Amino acid sequence: MKNKTVKALAILLAITTVSMMGTAGVMASDNTAEDTATEAAADDAEAADDADDAEAADDVALLSDKTEDTATEAAADDAEAADDTAEASDDDQAAADNVAALIDKIYVQERNDTTDEDCKAAKEAWDALTDAQKELVEGEEASPEYFGRDTGDASKDDPRNQDEIGENELLVVSFGTSFNDSRAQDIKGIEDALAAAYPDWSVRRAFTAQIIINHVEARDDEAIDNMDQALDRAVANGVKNLVVQPTHLMHGAEYDEMVEVIDNYKDKFESVAIAEPMLGEVGDDATVINDDKKAVAQAITDEACKVAGYDSMEAAAEDGTAFVFMGHGTSHTANVTYDQMQTQMGDLGFTNAFIGTVEGEPEDTACEEVIAKVKDAGFKKVVLRPLMVVAGDHANNDMAGDDEDSWKSQFEASGAFDSVDCQIEGLGRVAAVEDLYVAHTKDAIDSLGTADDAAEVTDDTEEASDDAAAEETTDDAADTTEEAAE
């Protein structure tokens, strides 16, 4: 306590002494103190700025580090995502390639022991793809359209592959089509007409194109017999009388191949007859026509006019409209049939009817040749229609497709016509054509009876010949006996 008191008194004394030194001394020190304070304040401010700069620099550095870390992480994420995308892309393509390979495997003209399993495997693999993967399917023959294209309702068709046929079979042989609507309307239309006309005969179906058979089986789970399968079925069912009605247009390569197969089975039936194709016999040159060609020419022009809204070909011609009927074409000698059909159109007075072919055989039926003919004839409107039993791939793509090489596109690109329209209908759905097949089938059925009658006549002739020979021998023997007696 005593020490504290002493210290307090000492401090008070010091303060009083300083105060008595006078104002002058204090004023003299003001400037120096102010300068020192200013400098100190500046130093402090600079130090503070330096401190702030340093702190800011540290913050920038820290932020930079964080940004760099974030960028590194983002780059890593992007790289990982790219790897994942690449891996997913590779997986997608691999899945699509697998389907393409399976499609190419069944896109063949020969059936084998694994065909049914291969068709099933291809469809199952397709169904397992995503929509994006399906767009990647591409092979030698494969594409997304193989399974993905909508061609109609397959359930409306009847493969006509039933057993329990009976003794009389009418086998309708077609090239075939994978277009469901056309198969049901065109091919089945002919089969239905024959079944109605000949109720005592079991109508069955065969296609000659295994490629189409496989396509329909894989996509629609519809089993259609090829020629060998259909004939084996007939033999197994005990068929005695077989009549074959081809839906082919002419006596071409497909018809010849069909006949060769049937020849291998002829000895397995009591009687076999092959009916005429649609256009009947093939003549020697373009001037040779027949009643079948006349009937078909009249039927298809009548139908084309009706669909286009005209009462007749003459009325269409007056309106500047030409009809172009597009056939397939062939390198077979039967290609003269197309020129014969053009001759037939002329004989009927149809100046606005033109015959063409997809394959350009014969040469004067190629698309560019037909365009020139229609243009030179002065017609400004064109209607394209298939000269084919079915309105399948050729009608939908080669004739009416959007590609630049389709007939529709080529006619439009010529710039010579005001309009180009398409009628996508096969001949098989035309009633008059169905009637023609019915007539051809009747001729074939009737020929079986004629053959039996001929065989009976031959037997009678042989028997009579044997009796005459025996009688002659008896007479000779009698003469010999008489000579011996003499």
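Which hand does the crossing of helix 3 and helix 7 have? I looked there before anything else. The crossing is right-handed. I note at the outset that this is a predicted model.

**Entry: helix 3 and helix 7**

I checked the two axes. Helix 3 covers residues 115–127 and helix 7 covers residues 210–220. Their axes come within 8 Å and cross at roughly 50°. I therefore put helix 3 down as oblique to helix 7. Next I listed who makes the contact. From helix 3 come Thr115, Asp116, Cys119 and Lys123. Helix 7 brings Asn214, Glu217, Ala218 and Arg219.

I then followed the chain into the loop between helix 7 and helix 8 (227–236), where I found Asp221. Asp221 is not a glycine, yet its phi is positive, about 55°. I asked whether Asp221 is buried or exposed. Its relative accessibility is 69%, so Asp221 counts as exposed.

**Entry: the sheet**

I turned to the strands. Four of them form an open sheet, and the order is 6-5-7-8. The pairing is parallel. Which strands stand at the edges? They are strand 6 (353–357) and strand 8 (419–422). Each has a single partner strand, so one side of each is left without a neighbour in the sheet. I also looked up the turn between neighbouring strands: 25° on average, direction ignored.

I went through the pairs of strand 5. Strand 5 (residues 321–327) pairs with strand 7 (residues 381–386) over six bridges, in the parallel sense. Phe323 has Val383 of strand 7 as its bridge partner. For Phe325, the partner in strand 7 is Arg385. With strand 6, strand 5 pairs over five bridges, again in the parallel sense. There, Gly327 is matched with Thr357.

**Entry: strand 5 and what covers it**

How many residues of strand 5 are buried? Seven of the seven are, so strand 5 is largely enclosed by the rest of the structure. I sorted its residues by direction. Thr321, Phe323, Phe325 and Gly327 point one way. Ala322, Val324 and Met326 point the other way. I recalled the general rule: in a regular strand the side chains alternate between the two faces of the sheet.

I looked for helices lying across these strands. Helix 10 (residues 291–308) lies across strand 5 and strand 7 and runs at about 125° to strand 5. Helix 13 (residues 367–377) lies across strand 5, strand 6 and strand 7. Its angle to strand 6 is about 165°.

**Entry: nonpolar cores**

The largest nonpolar core has 53 residues. I asked which of its members touch the most others. They are Val243, Leu249, Met278, Phe323, Phe325, Met345 and Leu387. Helix 16 (residues 431–485) gives the largest share of this core, seven residues. Another core, of 19 residues, lies apart from the largest one. Ala322, Leu384, Phe417 and Val420 are among its members.

I took a closer look at Met278. I left aside its neighbours within four places in sequence. Its contacts then include His248, Leu249, Asp292, Val296 and Val389. They also include Leu427, Val433, Leu436, Tyr437 and His440.

**Entry: residues in loops**

I stopped at Asn352, in the loop between helix 12 (336–347) and strand 6. Is Asn352 buried or exposed? Asn352 is buried, at a relative accessible area of 1%. Beyond its neighbours within four places in sequence, Asn352 is in contact with Met313, Ala316, Ala317, Thr321, Ala322, Phe323 and Phe379.

I moved on to the loop between strand 6 and helix 13, which holds Pro362. The peptide bond from Glu361 to Pro362 is cis, with omega near 5°.

Asp285 came next, in the loop between strand 4 (271–274) and helix 10. Asp285 is partly exposed, with a relative accessible area of 35%. Asp285 and Asn335 are 50 residues apart in sequence, and I read 9.9 Å between their C-alpha atoms. With neighbours within four places left aside, Asp285 is in contact with Val336 and Gln340.

I closed with Arg160, in the loop between helix 5 (145–148) and strand 1 (168–174). Arg160 is not a glycine, but its phi is positive, about 50°. Its relative accessible area is 9%, and Arg160 is buried.

Key
Residues numbered from 1 in each chain as written. Predicted model: local features only at pLDDT ≥ 70, side-chain atom pairs only at ≥ 80, totals over all residues. Heavy atoms only, no water. Pairing = 2+ DSSP bridges. Helix = DSSP H or I, 4+ residues; strand = E, 2+ residues; numbered from the N terminus. Axes fitted to C-alpha atoms, helices over the stretch in contact; angles between N-to-C directions. Contact = heavy atoms within 4.5 Å. Core = buried A, V, L, I, M, F, W, Y, C linked by side-chain atoms within 4.5 Å. Buried < 20%, exposed > 50% of the residue type's maximum accessible area, 1.4 Å probe, protein only. Parallel < 35°, antiparallel > 145°, perpendicular 65-115°, else oblique. Left-handed = near helix turned anticlockwise from the far one by under 90°.
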